[in-house]
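Welcome to this set of exercises on reading a protein model. Take each task in turn, try it yourself, and then follow the solution step by step.

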Amino acid sequence: MPDPIRVILVDDQSLVRSGFRMLIESEDDMEVVAEASNGVEALDVLRRTPVDVALMDIRMPQMDGVEATRRITASPLDTKVLILTTFDLDEYVYAALKAGASGFLLKDARPAELLSAIRNVAAGDAVVAPSATRRLLDHVVPTLPNDPNTADERLSVLTDREREVLVEIAKGATNAEIAQTLYMAEGTVKTHIGRLLSKLECRDRVGLVLFAHQVGLM
């Protein structure tokens with residue numbers, strides 16, 4: 001049996017952390033190994049404790065989730081960050097994703113969505129619940145900067161099939177859904193995604209979603 005996913009809860013509200021801890025520790029394949037009430041505490045803990053996924057709030061005292069994410073992803077730490085957010089923090093969400101967060105989740109997400117997001121991020125696939133992706137992008141997209149010259153140049157390196165896959169990713173589709181829609185094997189979908197990440201110089205799937213909206217593919 002593989003080792004459980006090690007999670008740190010970073011939130012300035014102890015009741016929120018307690019709720020997440022109860023949910024996560026009810027699962028056999030993950031465990032909460034640490035808690036922190038702000039980014040400063042989180043960084044201190046991460047220097048001493050191996051962690052796979054940091055479940056990170058954005059608004060916290062001393063050091064917010066955006067700066068903590070930036071420092072974590074810029075360090076040698078092998079810790080991925082899953083951002084927690086609400087609709088009124090759009091500008092912070094985009095900043096956190098640009099800082100290297102592997103995904104985002106709405107604080108009102110269902111328990112199954114949270115657990116699935118943690119597993120996906122731990123596996124290196126920044127897929128969060130498509131419903132959350134679509135709802136949040138409605139609020140985030142208007143804040144995205146747009147550079148048409150750069151966008152057109154980068155899109156020119158994609159094949160027609162890669163563009164089709166990129167559009168489906170931006171819609172929040174899973175690999176299985178993309179395979180069904182475009183009539184291809186899931187393995188082929190993963191190959192296309194790998195090429196998209198390389199060609200567009202995106203860190204992960206979330207970066208592809210934001211890029212597609214930024215350049216007006218949606």
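A salt bridge is a side-chain nitrogen of Lys or Arg within 4 Å of a carboxyl oxygen of Asp or Glu. By that rule, this structure, which is a predicted model, holds 12 salt bridges.

**Exercise 1. Warming up**

Task: Find how many helices and strands the protein chain has, and what percentage of its residues count as buried.

Solution:
- Step 1. The chain has 11 helices and five strands.
- Step 2. Of its 218 residues, 47% count as buried.
- Step 3. For contacts with a separation of 6 or more, 68% are between residues 24 or more positions apart.

**Exercise 2. Three salt bridges**

Task: For the pairs Arg6 and Asp52, Glu25 and Arg21, and Glu113 and Arg110, find the distance between N and O.

Solution:
- Step 1. Side chains of opposite charge can pair when their charged atoms come close.
- Step 2. In the bridge of Arg6 with Asp52, the closest N and O atoms are 3.0 Å apart. This pair links distant parts of the chain, with Arg6 in strand E1 (residues 5-10) and Asp52 in the loop between H2 and strand E3 (53-56), 46 residues apart.
- Step 3. Arg6 has a relative accessible area of 30%, so this residue is partly exposed.
- Step 4. For Glu25 and Arg21, the closest N and O atoms are 3.0 Å apart. Glu25 is partly exposed, with a relative accessible area of 41%, and Arg21 is partly exposed too, at 26%.
- Step 5. Glu25 and Arg21 also belong to a network of salt bridges that links them with Arg17 and Glu35.
- Step 6. The side chains of Glu113 and Arg110 meet at 3.8 Å, N to O. Since buried means under 20% relative accessible area, Glu113 is buried at 8%. Exposed means over 50%, so Arg110, at 53%, counts as exposed.

**Exercise 3. Parallel, perpendicular or oblique?**

Task: Sort the helix pairs H2 with H3, H8 with H9, and H9 with H10 by how their axes are oriented.

Solution:
- Step 1. Two packed helices are described by the angle between their axes and the distance between the axes.
- Step 2. The axes of H2 (residues 39-48) and H3 (residues 65-74) come within 9 Å and cross at roughly 20 degrees. Angles under 35 degrees count as roughly parallel, so H2 and H3 are roughly parallel to each other. Their crossing is right-handed.
- Step 3. Where do H2 and H3 meet? Gly39, Leu43 and Leu46 in H2 touch Ala68, Arg71 and Ile72 in H3. By class, this contact has four nonpolar, one polar and one charged residues.
- Step 4. H8 (residues 160-170) and H9 (residues 175-182) pack at about 130 degrees, with their axes 10 Å apart. H8 and H9 are therefore oblique to each other, and their crossing is right-handed.
- Step 5. On the H8 side, the contact is made by Arg161, Glu164, Val165, Glu168 and Ile169, and on the H9 side by Ile178, Thr181 and Leu182. The classes are four nonpolar, one polar and three charged residues.
- Step 6. The axes of H9 and H10 (residues 186-199) come within 9 Å and cross at roughly 105 degrees. The range from 65 to 115 degrees counts as roughly perpendicular, so H9 is roughly perpendicular to H10.
- Step 7. Asn175, Ala176, Ile178 and Ala179 of H9 make this contact with Glu186, Val189, Lys190 and Ile193 of H10. Here the classes are five nonpolar, one polar and two charged residues.

**Exercise 4. Two residues and their neighbours**

Task: Locate Asp11 and Ala36, and decide for each whether the residue is buried or exposed.

Solution:
- Step 1. Asp11 lies in the loop between E1 and helix H1 (14-24), while Ala36 is found in strand E2 (residues 30-36).
- Step 2. With a relative accessible area of 2%, Asp11 is buried. Ala36 is buried as well, at 1%.
- Step 3. Setting aside residues up to four places away in sequence, Asp11 touches Val16, Arg17, Ala36, Ser37, Asp57, Met60 and Lys107.
- Step 4. With neighbours within four places likewise left aside, the contacts of Ala36 include Ile8, Leu9, Asp11 and Glu41.
- Step 5. Ala36 and Val10 are 26 residues apart along the chain, and their C-alpha atoms are separated by 4.7 Å.

Note on methods: Residues numbered from 1 in each chain as written. Predicted model: local features only at pLDDT ≥ 70, side-chain atom pairs only at ≥ 80, totals over all residues. Heavy atoms only, no water. Axes fitted to C-alpha atoms, helices over the stretch in contact; angles between N-to-C directions. Helix = DSSP H or I, 4+ residues; strand = E, 2+ residues; numbered from the N terminus. Parallel < 35°, antiparallel > 145°, perpendicular 65-115°, else oblique. Left-handed = near helix turned anticlockwise from the far one by under 90°. Contact = heavy atoms within 4.5 Å. Nonpolar A, V, L, I, M, F, W, Y, C, P; charged D, E, K, R; others polar. Buried < 20%, exposed > 50% of the residue type's maximum accessible area, 1.4 Å probe, protein only.
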